[in-house]
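Please load the structure in a viewer and keep the sequence panel open. The stops below are meant to be followed in order.

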Amino acid sequence: MGISPILGLLIIVIRGFLGIDNGFFIAALFYGVASWFIWYISPWFLKRSSKFRIMFSIGVTFLVSLLILVGLEILSPPEHSLDFWFAYLFVPPLGVAMISYLIEGIRRNVLLRQRLVKAEKLEAVEQMGAAISHEIRNPLTSAMGFVQLLEDDLLDLDKRKQYLNILKEELQSAEKVIQDYLTFSKPTIESVEVFQVEEELNQILKLLQPSANWYSVRVESDYSSLNYIQGDRQKFHQCFVNVIKNAIESMPNGGILSVSSRADSTHVTIKIQDTGVGMTKDQIERLGEPYYSTKGDKGTGLGVMVVNSIVKAMKGTIRVKSKVGEGTVFTFTFHVYKKSNQNSSGQVKHQDLRM
């Protein structure tokens, strides 16, 4: 592993505790040369196959043990020669074989994990590209069709205005997909300001009220106090528009959407609860994956990915609980901004925003 000089020095120091004698100098010379040699060949060694590295390590250990035995026999023949030969020729190579096999196993697992992570990243990029191209191609194809219709000189003014409005909507749809991708790929807070959570949530609910009416969804809000957080107001809007819109669309036969906030001395907690179709455990775990959506072919998963990115950039957290047939609860937590003139006495409870 390229650390043999350190190990060699450690062995020499330990041998020094037994006394500075001829044995110490022999050990210093032997382990100094051996550790340098092993360090020198380590780049070549690491490029070899796993089987070769194991066999090479066992062979070197056996050879070193044999040299030590020969030296002992010449300089100071042991009394129990057979025991020494057995101990040096079998025990060290066997130990090195076990350790080498363990190291190679760990190495293989690390490499497999790295390859798996790389493959997952590549798959995520491919899925993201497919999602974006799919979402952008549809409005652009439609826009191209209306551009061709507008080339007709005989087209009356009313039709021309109608086609231009449709063309504008399709281009805005494509621009929104690009903006969502940029928000996901670069989850930074560019404009930091202090804003009131409940006021922003009410604005979002008013914006989405027509959609709630369309799905026959009753919207309720329950705010325990007026709380302030620091972050990007626009991205906060984008985040909760995505979540609340998805909650409304999860109740095609009508239901109740509840938006509430609670706070303590350090955090603001926002809950978005619906009585929709709910999600399975597998669906919850896959939320935020590229090109995965509980809407099937109608969604790309970009919305939830953007939500995760925005909340992470604002140093918040998300928890999701859901049960099939009963609904889903999204719980968001953000840090409270301490504002001296904050009015904490105001309460807004159970407002019915249905129009």
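**The whole chain**

Begin with a cartoon view of the entire protein, which comprises nine helices and eight strands; helices (H or I, at least four residues) and strands (E, at least two) are DSSP runs, numbered from the N terminus. The model is predicted, and local features need pLDDT of at least 70, side-chain atom pairs count only at pLDDT 80 or more, while totals for chains, interfaces and linings use all residues. Residues are numbered from 1 along each chain as its sequence is written, and side-chain values use heavy atoms, with hydrogens and water left out.

Switch to a surface view. The accessible surface amounts to about 22,600 Å², 62% of it from carbon and sulfur atoms; such areas come from the Shrake-Rupley method with a 1.4 Å probe, and for residues only the protein chains shown count as cover. Of the 355 residues, 32% are buried, where buried means under 20% relative accessible area, exposed over 50% and partly exposed in between (1.4 Å probe, protein chains only). Contacts (heavy atoms within 4.5 Å) are next: among those between residues at least 6 apart in sequence, 71% join residues at least 24 apart.

**The N-terminal segment**

Select Ile3, in the segment before α1 (4-16). Ile3 counts as partly exposed because its relative accessibility is 37%. Extend the selection to Ile6, Leu7, Leu9, Leu10, Val13, Ile14 and Phe17, which together with Ile3 form a nonpolar surface patch of about 830 Å² accessible area. Patches are made of residues with over 30% relative accessible area and no salt bridge, like charges being joined within 9 Å and nonpolar side chains (Val, Leu, Ile, Met, Phe, Trp, Tyr) within 5 Å; a salt bridge is a side-chain nitrogen of Lys or Arg within 4 Å of a carboxyl oxygen of Asp or Glu.

**Helix α3**

Next select α3 (residues 50-75), whose 26 residues reach 38 Å from first C-alpha to last, close to the 38 Å expected at 1.5 Å a residue. The expected span is 1.5 Å times one less than the number of residues. Buried residues of α3 include Ser50, Arg53, Ile54 and Ser57.

**Helix α6**

Move to α6 (residues 197-214), and select Leu208, where the helix bends by about 50 degrees, with Pro210 following within four residues. The bend is the angle between axes fitted to the seven residues ending there and the seven starting there. Leu208 is among the buried residues of α6, as are Leu201 and Leu205. After the helix, find Ser216, which has a positive phi near 60 degrees.

**Helix α9**

Finish at Val306 in α9 (residues 302-313). Val306 is buried, since its relative accessible area is 0%. Add Gln179, 127 residues away in sequence and 9.5 Å away in space, C-alpha to C-alpha.
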